[in-house]
Amino acid sequence: AIIEWAGILTTGTEPSPQLAEAFTSSVYTDRHLRDMMLVSTLSVKPLSEDVLIACADPHGEEIHTTVYDTLTALFNDNGYTPDHERFDNALDALFTLMALAKDDSWVCANVDAMLAYLYWALGETSAAETAVQQAFEESGDGEPPSIAQTIRRALGFRIQPRYLEDLVEAD
C-alpha cells in the first residue's frame, strides 16, 4: 500500500479500493500505514527505495531514522521547503479516501486528522482548524485520533513549523 501511496504522491493518481481497504484496516489496528503516509508526504527526501523500505518495516531502525529526520526538519529546520506537488497530490487522495469511507466515521476522523496535519504544515491554519474540528466530531464519544489532538494543541499554542516562523520574521 505504501508503494501505491508513493506513486500517488508523484503522479497524482487516484487511490485504489485496495489502498482504501488497507488504510481502513490500518486505522483500526496499528495506524502504521496512516503514519507512514503522512511521513512520506512531509519528507523532503525523494521517495526513494530507502524511504519505502523504512515505511515497510514498522519496527526497523530505518523507520525511526526516517520519522525523526522528517519531523526534525519540519519543526526545527528553517530551510525546510514542502514539496507542494506532493502535498497537493496527498490532499486530493485523502479527499478521495474520505469519499470511499463516508460511512465509517473512525476512518473519516483519521483522514481529517491527516488533512489537519498537512494543512498545518503548509501554514493553512483555518483549513487545519476545520479538519481538526471534523476529526473530533467524527470521533463521537470516543477519543479522537492522536494526530488531531496534536494539531489542536499546536494551533491552540500557535506553534507552527520553523520554516513558517522564519517567513513571518522576514516580512
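Helix 3 of this predicted model buries His-32, Leu-33, Arg-34, Met-36, Met-37, Leu-38, Val-39, Ser-40, Thr-41 and Leu-42. The helix covers residues 32–42. That makes 10 buried residues out of 11, so helix 3 is largely enclosed by the rest of the structure.

Take Met-36 as a probe of this helix. Met-36 belongs to helix 3. Its relative accessibility is 4%, so Met-36 counts as buried, because the cut-off for buried is under 20%. From Met-36, step to Pro-58. The two residues are 22 apart along the chain, and their C-alpha atoms are separated by 8.9 Å.

Helix 3 also brings in a charged pair. How many salt bridges does the structure hold? The count is two. One of them joins the side chains of Arg-34 and Asp-35, with an N to O distance of 2.9 Å. The partners differ in cover. Arg-34 has a relative accessible area of 2% and is buried. Asp-35 reaches 27% and counts as partly exposed. A value of 27% falls between the limits for buried and exposed, which are under 20% and over 50%, so the label is partly exposed.

Now for the other pair. The side chains of Arg-86 and Asp-83 meet in a salt bridge, with 3.8 Å from N to O. Arg-86 is buried, at 7% relative accessibility. Asp-83 is partly exposed, at 34%. In this bridge, then, a buried Arg meets a partly exposed Asp. The bridge between Arg-34 and Asp-35 likewise has a buried Arg and a partly exposed Asp.

Arg-86 leads back to the end of helix 3. Where is Ser-43 found? Ser-43 sits in the loop between helix 3 and helix 4, the latter spanning 49–56. This loop residue is buried, with a relative accessible area of 5%. Which residues does Ser-43 touch, leaving aside those up to four places away in sequence? Its contacts are Thr-70 and Arg-86. Arg-86 thus touches Ser-43 and also bridges to Asp-83.

Next, the surface. Glu-14, Glu-85, Asp-88, Asp-92 and Glu-124 form a negative patch. Two of its members can be placed in more detail. Glu-14 lies in the loop between helix 1 (2–11) and helix 2 (17–28). Glu-14 is exposed, with 59% relative accessible area. Glu-85 lies in helix 6, which runs over residues 84–100. Glu-85 is exposed too, at 52% relative accessibility. The cut-off for exposed is over 50%, so Glu-85 qualifies with its 52%.

Exposure does not leave Glu-85 without contacts. Glu-85 touches Leu-9 and Thr-10, not counting residues up to four places away in sequence. Seen from Glu-85, Ser-105 is 20 residues off in sequence and 28 Å off in space, C-alpha to C-alpha.

A second pair offers another view of sequence and space. Glu-21 is part of helix 2. Its relative accessible area is 62%, so Glu-21 is exposed. Glu-21 and Ala-101 are 80 residues apart in sequence, and 9.1 Å apart in space, C-alpha to C-alpha.

The surface also has a nonpolar patch. Phe-75, Phe-157 and Ile-159 make it, with an area of about 320 Å². Phe-75 comes from helix 5, residues 61–76. Phe-75 is partly exposed, at 35% relative accessibility. Why can a partly exposed residue join such a patch? Patch members need over 30% relative accessible area, so the 35% of Phe-75 is enough.

One backbone feature closes the tour. What is the phi of Arg-158 near? The angle is near 55°, a positive value in a residue other than glycine. Most residues other than glycine have a negative phi. Arg-158 is placed in the loop between helix 9 (146–156) and helix 10 (162–170). Its relative accessible area is 75%, so Arg-158 is exposed.

Conventions. Residues are numbered from 1 along each chain as its sequence is written. This is a predicted model: local features need pLDDT of at least 70, side-chain atom pairs count only at pLDDT 80 or more; totals for chains, interfaces and linings use all residues. Side-chain values use heavy atoms; hydrogens and water are left out. Patches are made of residues with over 30% relative accessible area and no salt bridge: like charges are joined within 9 Å, nonpolar side chains (Val, Leu, Ile, Met, Phe, Trp, Tyr) within 5 Å. Accessible areas come from the Shrake-Rupley method with a 1.4 Å probe; for residues, only the protein chains shown count as cover. A salt bridge is a side-chain nitrogen of Lys or Arg within 4 Å of a carboxyl oxygen of Asp or Glu. Lys and Arg count as positive and Asp and Glu as negative; His and the chain ends are not counted. The place of a charge is taken as NZ of Lys, CZ of Arg, CG of Asp or CD of Glu. Helices (H or I, at least four residues) and strands (E, at least two) are DSSP runs, numbered from the N terminus. Buried means under 20% relative accessible area, exposed over 50%, partly exposed in between (1.4 Å probe, protein chains only). Contact means heavy atoms within 4.5 Å.
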